[in-house]
Amino acid sequence: MSKNYAALARSVVTALGGVDNITAVTHCMTRLRFVIKDDSQVDSATLKTLSGVLGVVRNENQCQVIIGNTVSQAYREVVSLLPANMQPVEPQTKPRLTLKRIGAGILDALIGTMSPLIPAIIGGSMLKLLAMVLEMTGVLVKGSSTLTILTVIGDGAFFFLPLMVAASAAIKFKTNMSLAIAIAGVLVHPSFIELMAKAAQGEHVEFALIPVTAVKYTYTVIPALVMTWCLSYIERWVDHITPAVTKNFLKPMLIVLIAAPLAIVIIGPVGIWIGSAISALVYTIHGYLGWLSVAIMGALWPLLVMTGMHRVFTPTIIQTIAETGKEGMVMPSEIGANLSLGGSSLAVAWKTKNPELRQTALAAAASAIMAGISEPALYGVAIRLKRPLIASLISGFICGAVAGMAGLASHSMAAPGLFTSVQFFDPANPMTIVWVFGVMALAVVLSFVLTLILGFEDIPVEDAAAQARKNQAAQPGNINGASI
């Protein structure tokens with residue numbers, strides 16, 4: 001059944017307090033992400049009942065509205081309702097700085113920066129996988145120009161990741177994008193890469209008598225992210241001290257002259273150390289717990305998705321795949337987590353007497369099982385009915401344990417599903433193909449059976465019809481009194 005995204009957008013904006021209460025909006029793969037002026041004007045209860053909204057996640061002045069795979073269509077309609085020159089309004093008083101607020105700020109910066117880059121990263125990684133499969137099957141000969149070009153195309157998003165991070169972070173931190181890209185470009189410049197290679201071999205490298213640490217910045221996230229955050233403050237300070245008559249040439253020159261050396265000498269190495277420390281912590285846990293860490297992650301993954309915390313692992317996965325060619329903890333755990341939600345949704349579709357719920361569950365199951373996009377199943381079925389969520393968590397733990405014992409690892413970071421199962425194939429171990437499909441089948445069957453055993457409280461047809469009539473009656477024809 002096709003959705004009226006224009007009506008949905010109007011209802012969402014109204015529930016958020018109207019156009020005047022929204023300062024910014026963007027979207028990731030399944031969510032509309034709003035920045036709100038006055039949090040008290042948001043009607044979460046109404047938002048959650050809107051037909052087409054799978055769930056709502058609140059975090060201070062931010063509101064995430066889960067739409068599903070068709071979020072881009074809803075986003076276009078929302079943007080058409082908002083002023084083209086929308087500018088965020090700064091709060092009158094700055095909130096008190098606490099550890100919780102600092103942590104939330106770091107998480108928001110990381111998610112806000114990385115979410116727009118996910119399609120390019122997935123596209124590149126899947127092309128690299130295609131090149132690997134074509135070489136493995138003998139379709140393309142190793143060393144052929146076609147294979148080399150295909151590999152380079154797939155690797156572009158990873159090699160120049162600092163540039164992409166800088167551009168995305170510049171939007172997030174509201175600083176000059178071209179300056180951010182130019183400074184990040186220094187870190188991946190061929191001459192600088194060559195200089196860092198010499199430094200790694202023991203040659204002394206310095207800038208203005210300050211020693212430069214040997215660091216490889218290609219394929220990294222944290223250095224460019226931290227550098228762009230610092231740039232947002234440097235730009236404001238330089239703008240404050242430069243005379244108006246010199247701003248067109250002196251301001252950009254001073255910004256680059258300050259920010260680029262700072263990135264090379266301090267921010268870059270510190271960013272690498274932070275990223276390496278996070279990766280080391282995650283995979284030290286994996287080293288100690290082995291398959292159990294994959295099992296635990298498989299059970300926790302849907303809960304992490306609910307809070308948006310799953311994006312925290314994105315830089316770690318990217319860096320690990322770039323350095324070792326594969327990732328063996330987080331990505332394998334997602335196989336069971338995603339397909340278990342799909343299996344639970346299939347069980348709901350099988351057992352429910354509610355035609356609307358059946359349609360929702362079938363669509364959610366197809367999304368989770370085929371494409372690995374689990375949020376429609378998570379918000380549209382599992383959380384809504386509760387017991388299917390418990391069944392999927394149990395199944396995710398068991399399937400994560402099996403994937404961990406089998407030693408499965410991903411060569412890409414695409415959401416695990418049938419369409420992307422190739423990312424777990426290891427050319428050196430053909431049995432990985434059997435294990436991957438075995439874990440996927442186990443996840444669907446086990447969660448299906450567990451959901452039927454645990455049962456769930458079905459949504460009565462009359463209640464669903466009444467709710468649909470209520471939603472339709474609540475859909476406004478205007479926003480803030482303005483005719484749409």
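Helices here are DSSP runs of H or I that span at least four residues, and strands are runs of E with at least two. With that in hand, the predicted model can be walked through piece by piece.

First, the stretches that carry a transmembrane label. An unreviewed UniProt entry lists residues 102–127, 147–167, 179–197, 217–234, 254–282, 288–309, 389–413 and 433–456 as "transmembrane region". Take residues 102–127: this span is 88% helix and 0% strand, and its end C-alpha atoms lie 37 Å apart. For residues 389–413, the figures are 68% helix and 0% strand, with 24 Å between the end C-alpha atoms.

Next come the aromatic rings. A pair of rings is described by how far apart the centres are and by the angle between the planes. Searching the whole structure turns up seven aromatic pairs. One of them joins Trp350 and Phe448, which meet edge-to-face, with 6.4 Å from centre to centre and 70° between the planes. This pair ties together distant parts of the chain: Trp350 belongs to helix H14 (residues 330–351) and Phe448 to helix H18 (residues 431–454), and the two residues are 98 apart. Trp350 counts as exposed because its relative accessibility is 67%, and the cut-off for that label is over 50%. Phe448 has a relative accessibility of 21%, so this residue counts as partly exposed.

Elsewhere, Phe159, Phe160 and Tyr219 are linked into a cluster by ring pairs. A ring can have a charge for company too: the charged end of Arg236 sits over the ring of Tyr233, at 4.7 Å from the ring's centre.

Note on methods. Residues are numbered from 1 along each chain as its sequence is written. This is a predicted model: local features need pLDDT of at least 70, side-chain atom pairs count only at pLDDT 80 or more; totals for chains, interfaces and linings use all residues. Side-chain values use heavy atoms; hydrogens and water are left out. UniProt positions are given in the numbering used here, feature names are shortened, and annotations may be inferred rather than shown by experiment. Rings of Phe, Tyr and Trp (its six-membered ring) pair if their centres lie within 6.5 Å; planes under 30 degrees apart count as stacked, over 60 as edge-to-face and the rest as tilted. Buried means under 20% relative accessible area, exposed over 50%, partly exposed in between (1.4 Å probe, protein chains only). A charge sits over a ring if NZ of Lys or CZ of Arg is within 6 Å of the ring centre and within 35 degrees of the ring normal.
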